[in-house]
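Q: Could you walk me through this model, chain by chain and contact by contact?

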Amino acid sequence: MIGLTHYLIVSLVVFALGLFCVLTRRNAIGILMGVELILNSANINYLAFARFGSGNYDGQIFAIFVIMLAAAEAVVGLAIVLGIYQTFRTIDVSATETLRG
Amino acid sequence: MDEPTSVAYLRWIPLLPLLGAALNGVAGAPLQRRFGKGVVTAIACLPVAAAFLLACRAFNDLLALPAAERLLLDRVWTWIDVGALRVDAAFAIDPLAAVMALVVTGVGGLIHVYSAGYMHDEPSYWRYFALLNLFTAMMLILVLADNLLLLFVGWEGVGLCSYALIGFWYANHDNATAGSKAFIVNRIGDFGFTLGMFLLFWTMSAAGHPTLAFRELGANAHVLADATFLGWGAATVITALMFVGATGKSAQIPLYVWLPDAMAGPTPVSALIHAATMVTAGVYLIARLDFLFVMAPATLAVIAWVGALTALLAATIGTVQTDIKKVLAYSTISQLGYMVLALGVAAPAAAVFHLMTHAFFKACLFLGAGSVIFALHHEQDLRRMGGLRAWMPVTYGTFLVSTLAIAGFPPFSGFFSKDEILWKAFSSEQGGVALWFVGWLAAGLTAFYMFRLVFLAFHGDSRIDAQARRHLAESPASMTVPLVVLAAFAVVAGFVGVPAALGGSNRIEHWLAPAFAATTEHGAHHSAALEYGLMALSVGAGLAGLALAHAMYVTGRVSADLFARFGGGVPYRLATNKYYVDEIYQAVFVAGVLRLSRLGAAFDARVVDAAVNGVAAVVRGVSRANGGFDRIVVDGFVDRVADATLLAGGVLRRLQTGSINLYLYAIVAGVVVVMIAKLL
Amino acid sequence: MQLSDLVFFAIAGLTVLSAAGVAFSRNIVYAAFSLMGTFMGAAGLYVFLAADFVAVVQVLIYVGGILVLMVFAVMLTHRIEDVQISNRTVGLAPALLVVAGIAGIMGYAVLTTAWPVIEPGAAVATTADIGNLFLQEYLLPFEFASVVLLAALIGAVAVSRKELRSE
């Protein structure tokens with residue numbers, strides 16, 4: 001039977017991959033993709049617990065909010081990326097080290 | 001003596017001139033500018049005239065009293081009341097003070113009038129009269145004081161006014177120096193005076209009579225008969241100190257050196273201060289303290305010899321002087337010597353008698369000299385005068401009369417007073433032949449140099465500068481009238497002191513007797529024939545002097561060179577250089593004091609200042625250490641803290657790599673830490 | 001093993017493989033499209049979890065909005081070649097280490113915790129209930145969410161507009 005644990009494992013794997021993406025990617029958009037993966041894994045968790053843990057729809061409401069906020073964040077993030085591109089002519093994050101101490 | 005009669009008008013005698021001085025001093029300059037010199041003259045002369053009238057009134061009141069009670073007292077207010085000392089600001093007039101007051105106000109008043117003419121062209125006219133009035137007020141305080149301390153106030157006051165008036169034309173440095181010299185030499189005398197006053201009060205208090213008032217001192221002076229001070233008799237020490245004061249004021253040896261220099265002042269000032277009044281203050285002091293002096297025969301002997309020698313010394317210097325005022329100055333010193341001699345032979349009445357006659361003829365002589373100087377536009381050298389009797393008859397007449405008086409020719413006043421002194425010098429218990437002889441010599445010399453002065457100035461061919469001769473005229477009435485008045489007194493004043501030997505009653509001696517109750521009459525046993533003989537001798541000396549002067553300066557039969565070359569020229573040179581006394585004083589005292597003060601200054605600079613600078617250096621060192629501590633430790637601490645912060649900042653800022661990847665790692669690391677914390 | 005289980009494993013596998021593709025692919029465009037696969041897989045999983053509304057919202061917004069936006073951005077910045085996975089400052093190894101560590105810990109947590117599980121009910125249509133919940137219990141967050149979106153919108157416009165103007 002597919003239980004809670006299975007979903008949790010899936011979410012864990014996606015989270016790990018998203019984290020790896022965040023930590024290793026040099027492309028700014030790549031990092032944002034990693035963030036999306038992490039958010040998705042969180043969503044899976046929410047819904048899994050909503051179904052297996054409580055039975056009410058609180059988890060689903062929350063998942064909807066997460067999706068919405070992810071959208072907002074992606075918008076702003078990509079606007080920033082475009083700004084970086086216009087300033088540095090590249091979106092390699094190692095090129096944006098001008099604010100070093 | 002019974003209680004003195006109390007009156008209320010005595011205070012006005014000194015007070016009126018004082019008010020005149022204050023008014024002229026404060027408002028004189030603007031008044032003179034707006035209304036002219038007449039107002040200033042009125043403000044100055046009227047108070048003196050009023051004082052004279054009040055003095056006459058006091059004289060009258062004294063005459064009305066019986067002889068033993070002749071004392072008027074005016075107690076104004078209690079001045080000092082401290083412990084045992086009680087001094088009143090009070091004025092007392094007894095026969096002696098009455099004579100003095102009349103002389104001061106009378107002669108002073110005439111000189112005020114004379115000054116109005118003499119100082120006519122002076123811009124500081126108001127200042128002159130303010131000072132002259134102030135002087136008169138101070139002299140009257142001196143004369144009318146009923147206690148020694150108030151007398152001293154007047155004493156100092158006249159010294160101050162003398163200084164101010166000698167240096168009246170202060171723009172000329174020499175005049176200012178002369179004024180300073182007078183004041184400083186007087187100060188030396190004043191030192192003696194104050195020491196004497198302190199000692200007197202001290203010994204009187206120890207004997208149970210703490211007082212400085214004259215009548216109480218006089219009544220109780222006998223308590224000092226046994227008192228001693230440092231092994232000497234108290235009376236002797238006190239009187240010696242008082243005499244030191246008198247030598248300063250009355251220009252005796254050794255403190256006479258200021259008087260010739262004082263001729264730098266205006267001639268009326270010389271007449272008033274340095275002939276008639278201030279210089280007589282010393283004589284007055286000794287006369288006043290007669291009750292002390294009779295207890296100190298040793299001091300009296302010293303006084304007598306000082307007086308006699310001063311008379312002779314000054315006379316010798318006077319014979320070679322070429323400045324008309326200097327001759328008169330040395331003459332004054334010489335005549336003061338006579339007065340002091342009289343005091344020294346316990347004949348104070350004779351001294352005061354001579355004081356009075358001297359005031360008249362000496363003032364007349366000085367004013368006459370002033371008249372000559374005025375007419376010749378301030379020419380004072382005898383070698384540039386001559387034949388003035390043709391142009392200035394009134395001046396000549398009064399001058400001649402006064403000269404006859406001073407030379408001691410009868411029946412002029414000087415004859416009676418000087419002869420009284422010489423007689424007392426011979427016959428008194430304190431006197432002796434030697435003293436008489438010195439006095440007699442000085443009398444001959446007096447006649448000589450005074451007539452020398454007359455012949456050189458008024459007789460013979462005129463050596464006057466042609467320019468001055470054109471404006472030569474007799475002086476105005478304001479100057480000649482006082483001359484005539486004074487000459488008249490020089491003639492008749494002697495008649496109050498005609499001795500018994502010549503059939504007179506010697507009224508002045510009897511008048512002054514209450515003041516000199518302590519002095520007893522000695523020498524009454526000498527015969528009248530001796531007195532006649534001595535009188536003849538002194539007149540003979542006068543005639544000899546007159547004849548010699550005539551031979552030398554009128555007929556030219558005796559050459560002056562004879563005397564100049566006498567004794568190898570040494571006496572002449574000594575006399576011309578005033579026996580080098582000024583130079584000796586300068587070398588010994590002045591230089592010595594200067595050296596001492598330079599020593600003191602060096603000490604102050606090296607030791608005292610070094611100590612102060614040393615302290616300052618120590619303080620500077622301490623503050624430098626403090627500053628160092630502040631800089632190194634305190635600031636250092638703060639700086640090290642700042643350095644540590646910067647260091648930490650420098651280290652920590654390496655976290656800011658700007659690398660986004662690193663930041664992400666950091667986020668993850670934080671999350672991991674939280675997770676681990678939650679798990680544990 | 002029922003059919004639903006197999007389907008579950010297939011969809012889970014799709015999700016995981018797409019995520020791996022996002023993480024490990026060198027080409028950013030490939031990564032973007034793998035992301036689309038992940039999103040779709042996730043939507044499938046949502047359906048399995050009886051969250052039909054959420055699944056649809058996922059597809060609409062994530063795939064239709066965010067992914068499109070990302071592809072836009074990729075295309076706009078594609079002139080630059082994509083770079084290797086490892087970057088200069090921190091390398092591959094530390095990342096693996098960290099990830100493995102975290103995954104290990106979380107896996108441990110997941111597997112050893114006794115989750116309070118309830119028996120899931122039948123899958124029903126959730127839209128109406130969710131709509132009710134939005135307008136009753138979660139009204140405030142709902143309204144705030146709209147404000148947040150507005151802010152994000154304005155912010156994005158402001159950020160990108162400034163860059164444009166300064167050019």
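**Salt bridges, interfaces and ring pairs**

A: Asp88(B) has a relative accessibility of 16% and so counts as buried, where buried means under 20% relative accessible area, exposed means over 50% and partly exposed is in between, with a 1.4 Å probe and protein chains only. This is a predicted model, in which local features need pLDDT of at least 70 and side-chain atom pairs count only at pLDDT 80 or more, while totals for chains, interfaces and linings use all residues. Residues are numbered from 1 along each chain as its sequence is written, chains are lettered from A and ligands numbered from 1 in the order in which they are written, and side-chain values use heavy atoms, with hydrogens and water left out.

Q: Which side chain does Asp88(B) meet in a salt bridge?

A: Asp88(B) meets Arg86(B), at 3.6 Å from N to O; a salt bridge here is a side-chain nitrogen of Lys or Arg within 4 Å of a carboxyl oxygen of Asp or Glu. Arg86(B) is partly exposed, with a relative accessible area of 44%, and a network of salt bridges links Arg75(B), Arg86(B) and Asp88(B).

Q: How many salt bridges does the structure hold over all chains?

A: The structure holds 12 over all chains. One of them joins Asp190(B) and Arg187(B), at 3.1 Å from N to O, and these two residues are three apart in helix α6 (residues 173–206) of chain B, so about one helical turn separates them. Helices (H or I, at least four residues) and strands (E, at least two) are DSSP runs numbered from the N terminus. Asp190(B) is buried at 4% relative accessibility, whereas Arg187(B), at 40%, is partly exposed.

Q: And what does Asp643(B) pair with?

A: Asp643(B) forms a salt bridge with Arg640(B), their closest N and O atoms being 3.3 Å apart. Both residues lie in helix α25 (residues 581–652) of chain B, three residues apart, which is about one turn of the helix, and Asp643(B) is partly exposed at 36% relative accessible area.

Q: Switching topic: how many residues does the contact between chain A and chain C take from each?

A: Chain A gives 71 residues and chain C gives 86, with contact meaning heavy atoms within 4.5 Å. The two chains bury about 7,000 Å² between them, 77% of it on carbon and sulfur atoms; buried area is the accessible area (1.4 Å probe) that two parts lose on being put together, summed over both. In chain A, the residues that lose the most area to chain C are Phe20(A), Arg25(A) and Arg51(A), together 11% of what that side buries.

Q: What is the count of salt bridges there, and of residue pairs in polar contact?

A: Between chain A and chain C there are zero salt bridges, but seven residue pairs are in polar contact, both at pLDDT 80 or more. A polar contact is a pair of N or O atoms within 3.5 Å; within protein, one must be able to donate a hydrogen and the other to accept it, and residues adjacent in sequence count only if both atoms are side-chain atoms.

Q: Which element of chain A gives the most to that side?

A: α3(A) gives the most, with 23 residues.

Q: How does chain C meet chain B?

A: That contact takes 10 residues from chain C and eight from chain B, and the area buried is about 730 Å², of which carbon and sulfur atoms give 80%. The interface has zero salt bridges and one residue pair in polar contact, both at pLDDT 80 or more.

Q: What about aromatic pairs, how many are there over all chains?

A: There are 29 over all chains, where rings of Phe, Tyr and Trp (its six-membered ring) pair if their centres lie within 6.5 Å, and planes under 30 degrees apart count as stacked, over 60 as edge-to-face and the rest as tilted. In one of them, the rings of Phe399(B) and Phe458(B) have centres 5.2 Å apart and planes at 50°, so the pair is tilted. Phe399(B) is buried at 1% relative accessibility, and Phe458(B) is buried at 0%.

Q: Which residues do ring pairs link into a cluster?

A: The cluster consists of Tyr7(A), Phe52(A), Phe8(C), Phe9(C) and Phe48(C).
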